[in-house]
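This report describes a binding site and the sheets of one protein model.

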Amino acid sequence: MVAIVKIKNLKKSYEKGNIKALNGINLEIEKGDFVSIIGQSGSGKSTLLNMIGALDTGDEGTVEVAGYDLTDGKNLDVFRSKEVGFIFQLHNLIPNLSVCENVEIPMFETKASGKERTDRALSLLNLVGLKEKAKIKPTKLSGGERQRVAIARALANKPSIILADEPTGSLDSKTSGDVLKLLIDLHEKENVTLIMVTHDLNVAKLANKQIEVLDGQILGTDSQK
Ligand SMILES: Nc1ncnc2c1ncn2[C@@H]1O[C@H](COP(=O)(O)OP(=O)(O)O)[C@@H](O)[C@H]1O
Ligand SMILES: [Mg+2]
C-alpha cells in the first residue's frame, strides 16, 4: 500500500489540556482510497480532518500527507493549494462573486492566467452539472447546487486528496443522495483520495473503509469492499 496520509501518535488538546480533542491517533490512508471517518458529535472528527488538511496543527505526534511533513510547518501554503480540496458542511461560497468566480478562487494561488482559470472553472462546473449557472450568484442556487459548486471549487487545483466535513449535513435526503453520488463518481473518475467525515452511518457505509473515532481515539477500522 502507498500511504498518502501517515499519522503517528497525534494529540491535540484545548482549554489548557482540559479538552482532549485528539488523544493519540495512529492512522494510515491509502492513496486513491475512499474512507469515511465516523463518530458522534464532539469525538474529534473535524479536528482530525483539519490536521490532515493543514488547517490546524497538533500538540504532539506527526502528520505526513502526500509527502509533505505537516508537523514542521514548512511549505504549508504550497501543500494547501496544490494537494487538498476542502468541502465543508456549509459551502462557504462568497455571495457577491459569481458561481464561476467562486470556483476560480483557489486558482489565484497558482500561475494560471485569467483565461485558464475561467476555462477550468467552466469545465468543472460542467462536471458537476452546473455550467449553465456559471454567471449567476450562489444566493440564487439551491442548497444542493451550492454544495456542487463547493465540490467544483475543491477540485480547482487538481488536488490529490479531497477532505469533506459532513458534506451533506445540511441537505435533505434526496439532495444529499445526489451530492454523495457526485462525490463517489468523482472519486472513481478523477483518481483522487476522498476522506469524508460524517456522523451518519448510512453515509459512512458508502466508503470503502470506515474509521470510527471516539473521544479522540480510533476505535477501529471496517473495510466494506
Ligand atoms: N477551537 C476549539 N476550542 C475549544 N475546544 C474545541 C475547539 N475545537 C474543537 N473543540 C473541542 O474538541 C472536541 C472535538 O471537536 P470536533 O473535532 O469538532 O468534533 P466532531 O467534529 O467529531 O464533532 C470537542 O469536545 C470540541 O468541543
Ligand atoms: Mg465536526
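The ligand site comes before the two sheets and their helices below.

The model is predicted: local features need pLDDT of at least 70, side-chain atom pairs count only at pLDDT 80 or more, and totals for chains, interfaces and linings use all residues. Residues are numbered from 1 along each chain as its sequence is written, chains are lettered from A and ligands numbered from 1 in the order in which they are written, and side-chain values use heavy atoms, with hydrogens and water left out.

## Ligand site

The shell around ligand 1 consists of Y14, E15, I19, A21, Q40, S41, G42, S43, G44, K45, S46 and T47; a residue is near a molecule if one of its heavy atoms lies within 4 Å of it. By class, the shell holds three nonpolar, seven polar and two charged residues. Here Ala, Val, Leu, Ile, Met, Phe, Trp, Tyr, Cys and Pro count as nonpolar, Asp, Glu, Lys and Arg as charged, and the others, Gly among them, as polar.

At least two shell residues come from each of β2 (19-30) and α1 (45-52), and α1 gives the most, with three. Helices (H or I, at least four residues) and strands (E, at least two) are DSSP runs, numbered from the N terminus.

Polar contacts, which are pairs of N or O atoms within 3.5 Å, include these:

| Protein atom | Partner | Distance |
|---|---|---|
| G42, backbone N or O | oxygen atom of ligand 1 | 2.7 Å |
| S43, backbone N or O | oxygen atom of ligand 1 | 3.2 Å |
| T47, polar side-chain atom | oxygen atom of ligand 1 | 2.5 Å |

Taken alone, ligand 1 exposes 560 Å², and the protein buries 61% of that; accessible areas come from the Shrake-Rupley method with a 1.4 Å probe.

## Four-stranded sheet

Strands of a sheet pair through backbone hydrogen bonds, either parallel or antiparallel. Two strands are counted as paired if DSSP finds at least two bridges between them.

Four strands make an open sheet with antiparallel pairing, in the order β2-β1-β4-β5. Its edge strands, β2 and β5 (68-69), each pair on one side only. β1 (residues 3-14) and β2 are antiparallel and share nine bridges. Within β2, K20 stands opposite S13. Helix α1 packs on this sheet, touching β1, β2 and β4 (60-65), and its direction makes about 125 degrees with that of β1. Contact means heavy atoms within 4.5 Å; axes are lines fitted to C-alpha atoms, for helices over the stretch in contact, with angles from 0 to 180 degrees between N-to-C directions.

K6 has E28 of β2 as its bridge partner. β1 and β2 form a hairpin with four residues between them, and E15 in the turn has a positive phi of about 55 degrees. E15 also belongs to the ligand 1 shell.

## Six-stranded sheet

The other open sheet has mixed pairing and the order β6-β7-β8-β3-β9-β10. β6 (84-87) and β10 (217-223) are its edge strands, each pairing on one side only. The twist averages 20 degrees from one strand to the next.

β3 (residues 34-38) and β9 (residues 209-214) run parallel, with four bridges; I37 has I211 in β9 as its bridge partner. Helix α2 (residues 76-83) lies across β6 and β7 (161-165), at about 70 degrees to β6. Helix α6 (residues 173-190) lies across β3, β6 and β8 (193-198), at about 155 degrees to β8.

Terms used. A polar contact is a pair of N or O atoms within 3.5 Å; within protein, one must be able to donate a hydrogen and the other to accept it, and residues adjacent in sequence count only if both atoms are side-chain atoms.
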